[in-house]
Amino acid sequence: MTKKLTAFLAAWLLIAISFAQAQTGFSIKGKITSPDGKPLDGATMYLNRTADSALVKAALSEKDGSFVFAGLKPTGYRLIVSMIGYRQNKCGVIKLQRDTVLPAIILQPNETSLKEVSIIAKKPPVEQLIDRTVVNVSALPGNAGTTLLDLLAKAPGVGVDDNTISLQGKSSVTIYIDDKPTYLSGDDLANYLRSLPSSGIDRIELMTNPPARYDAAGSGGVINIRTKRTKETGFNGNLNLNYIQGKYTRTNNSFNLNYRQNKLNVAANLGYTLNNNYNAINLNRYFDPAVITDIAPDFTQNSFIKRHSENYSGRINIDYYATDKTTFGAAFTGLFTQGDNHTANTSLLSSTQGQLDSIITANNMDITGTNMIKKAAN
């Protein structure tokens, strides 16, 4: 009995290690160069999942041309690289099963001669400025129907893991919305960002070394979220509805209203999101019968984790533009969220003859909820 208990605990330890590895994920590394081997700085990269062509992550190459995508699940990916003055490069399918280092990706110069030049103003998805990286949400592929937390997970250098947000690997990051701190952290911050639809976001500013105007509550940098504002006078508004049906239903809806007259601007946003997702884990462990002799060589374990959440959010911004460089404003934010995490585990233990000996089941329910009303002024 002692050996059987020891084997069972050892199996659970291996499961925990495997689950931790799945949560941490794998990485893809590489380097972008020109045909003469010169590293290319600032090339834009999109990592798409081959199963549905969905954008997983966007990134910019470093000064030495290097790049890294971390925390990836073991599946198929396709990398698309583009840069002004060079042809777009679509790499082959990357079947990720372990940490992978790609051979140098060479971008060929675009030597097409132009007979006529047309200048069209269009924002790039990712811009590298002197003190920050800017993600223009409207130009980012796959932004429709997502939440602000989903957008952050795709932004270059940003990691979202178990409701913890990091910037360039540092978790002590401060989140601002329209230059105003959120004063939230942990699950409360994640639930709030999850309640904001991407349709109301203009751009995301990533600052590893923020200017003095931002009072960062740590050394992890600042992420500033710029919401959409209209410059047209009078009343303006829009309604966004999104419905996704997979194994479970998801929906993401928002209503935006803006009033601008002379130097006064009032903007309001109402949002509702329904999230349902799950993880299904099926493991079969084999034990060496020469080492463990009193149990069957097979151990089967099935886990099903379902996460459900509903988020209601509201936000009102009031701004008065006293001068071109001076603005007085106030923001009122409300959030209500409720949800639950249901984990069902089934373990099958067999005798040495291979007959079913024991079935161990475990069902856990974690119910969460958040109510938050906040005001900020500048």
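These are my notebook entries on a predicted model, covering one serine, one helix and two groups of strands.

**Entry 1: serine 313**

I began with serine 313, which I found in strand 21, the run of residues 298-321. I then asked whether serine 313 is buried or exposed. Its relative accessible area came out at 7%, and because buried means under 20%, I entered serine 313 as buried. Setting aside residues up to four places away in sequence, I listed what serine 313 touches: Ser195, Leu196, Asn269, Leu270, Gly271, Gly334 and Leu335. I also looked up phenylalanine 336, which is 23 residues from serine 313 along the chain, and noted a C-alpha separation of 6.4 Å for the two. For the side chain of serine 313, I recorded that one of its polar atoms lies 3.2 Å from the backbone oxygen of serine 195.

**Entry 2: helix 3**

The contact with serine 195 led me to helix 3, where Ser195 is among the buried residues. Helix 3 spans residues 186-195, and since seven of its ten residues are buried, I noted the helix as largely enclosed by the rest of the structure. Which residues of helix 3 are buried? I wrote down Leu189, Ala190, Asn191, Tyr192, Leu193, Arg194 and Ser195.

**Entry 3: strand 2 and its partners**

I turned next to strand 2, residues 44-49, and found five of its six residues buried, so I described this strand too as largely enclosed by the rest of the structure. Strand 2 pairs with strand 3, residues 55-60, in the antiparallel sense over five bridges, and within this pairing methionine 45 has alanine 59 as its bridge partner. The hairpin of these two strands has five residues between them, and there I noted that serine 53 takes a positive phi near 65°. Strand 2 also pairs with strand 5, residues 76-82, again in the antiparallel sense, over six bridges; here I traced tyrosine 46 to its bridge partner, isoleucine 80.

**Entry 4: an open sheet of six strands**

Last, I followed an open sheet of six strands with mixed pairing and wrote its order as 9-10-15-16-13-14. Which strands stand at the edges? They are strand 9 (126-128) and strand 14 (180-181), and because each has a single partner strand, one side of each is left without a neighbour in the sheet. Inside that order I checked strand 13, residues 174-177, and strand 16, residues 222-227, which run parallel and are joined by four bridges. For isoleucine 175, I recorded isoleucine 223 of strand 16 as the bridge partner.

Terms used. Residues are numbered from 1 along each chain as its sequence is written. This is a predicted model: local features need pLDDT of at least 70, side-chain atom pairs count only at pLDDT 80 or more; totals for chains, interfaces and linings use all residues. Side-chain values use heavy atoms; hydrogens and water are left out. Buried means under 20% relative accessible area, exposed over 50%, partly exposed in between (1.4 Å probe, protein chains only). Contact means heavy atoms within 4.5 Å. A polar contact is a pair of N or O atoms within 3.5 Å; within protein, one must be able to donate a hydrogen and the other to accept it, and residues adjacent in sequence count only if both atoms are side-chain atoms. Two strands pair if DSSP finds at least two bridges between them.
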